[in-house]
Amino acid sequence: MIALGADGRGELTADGIPPVRVTYRDLLRLPFRLPARAHLVQRLPDGRECRVPMRISGRPALGRSRVTTGAGVREQSRDGSAGRQPGVAPGASAALSVLARHRPLLSLAVRDFRGTVGS
């Protein structure tokens, strides 16, 4: 997950793959809080499953986003020079290039997010 403001840019990086960049812009902010209940599920070391109740809420917003990867943008290294980033294997962008070829159908943000785990 990438945290962005109302209009923002984010970048997800990992060793050995080109960065994934996202831009987002709110189009419609809904004026109500949307509550939800769920369970946080974890597998314990002994193999048992632990289920903890969780309550979350936030104000939904519909927006427009664009995702680009090394395959869809000119690569730029961290020092600002053009070219492949150090440590990025040749052809590594092929695995994530599917992200750059498709425009997201729906972009949803949750503003003023609140969450309670337990109780």
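Read from one end of the sequence to the other, the protein follows the pattern β-β-β-β-α-β. That adds up to 1 helix and 5 strands. Please keep in mind as you look around that this is a predicted model.

**The overall picture**

The protein has 119 residues, and buried residues make up 24% of them. Its accessible surface comes to about 8600 Å², with 56% of that area belonging to carbon and sulfur atoms. How do the contacts spread along the chain? Among contacts between residues at least 6 apart in sequence, 64% join residues at least 24 apart.

**Strands 1 and 2**

A good place to start is strand 1, which covers residues 7-14 and holds glutamate 11. Leucine 12 lies in strand 1 too. With 48% relative accessibility, leucine 12 counts as partly exposed, because that value falls short of the 50% that an exposed residue must exceed. The C-alpha atom of leucine 12 is separated by 8.5 Å from that of valine 22, and the two residues are 10 residues apart along the chain.

Which residue does glutamate 11 meet in a salt bridge? Its partner is arginine 21, with 2.9 Å from N to O. This pair links distant parts of the chain, since arginine 21 sits in strand 2 and glutamate 11 in strand 1, 10 residues apart. Glutamate 11 is itself partly exposed, at 42% relative accessibility.

**Salt bridges**

Side chains of opposite charge can pair when their charged atoms come close. In this protein the count comes to 7 salt bridges. Three of them are set out here, each with its N to O distance.

| Positive residue | Negative residue | N to O distance |
|---|---|---|
| Arginine 21 | Glutamate 11 | 2.9 Å |
| Arginine 29 | Aspartate 26 | 2.8 Å |
| Arginine 48 | Aspartate 46 | 2.8 Å |

Is aspartate 26 buried or exposed? Aspartate 26 counts as buried, because its relative accessibility of 15% is under the 20% cut-off. Arginine 48, by contrast, is exposed, with a relative accessible area of 52%. Aspartate 26 and arginine 29 also belong to a network of salt bridges, in which Asp26, Arg29 and Arg111 are linked.

**Patches on the surface**

Two surface patches are worth finding in the model. One is positive, and it is formed by Arg25, Arg64, Arg66 and Arg103. Of these residues, arginine 25 lies in strand 2, which spans residues 17-29. Arginine 25 is partly exposed, with a relative accessible area of 39%.

The other patch is nonpolar and consists of Leu27, Leu28, Leu62, Leu105, Leu106 and Leu108, which together have about 660 Å² of accessible area. Where does leucine 105 lie? You will find leucine 105 in the loop between helix 1 (97-101) and strand 5 (107-117). Leucine 105 counts as exposed because its relative accessible area, 89%, is over 50%.

**A backbone detail in strand 5**

To finish, follow the chain into strand 5, where aspartate 112 lies. The phi angle of aspartate 112 is near 50°, a positive value in a residue other than glycine. As for its surroundings, aspartate 112 is partly exposed, at 39% relative accessibility.

Definitions and conventions. Residues numbered from 1 in each chain as written. Predicted model: local features only at pLDDT ≥ 70, side-chain atom pairs only at ≥ 80, totals over all residues. Heavy atoms only, no water. Helix = DSSP H or I, 4+ residues; strand = E, 2+ residues; numbered from the N terminus. Buried < 20%, exposed > 50% of the residue type's maximum accessible area, 1.4 Å probe, protein only. Contact = heavy atoms within 4.5 Å. Areas by Shrake-Rupley, 256 points an atom, 1.4 Å probe, with all protein chains shown as cover. Patch = residues over 30% accessible without salt bridge, like charges linked within 9 Å, V, L, I, M, F, W, Y side chains within 5 Å. Salt bridge = Lys/Arg side-chain N within 4 Å of Asp/Glu carboxyl O. Lys, Arg positive; Asp, Glu negative; His and termini not counted. Charge placed at Lys NZ, Arg CZ, Asp CG, Glu CD.
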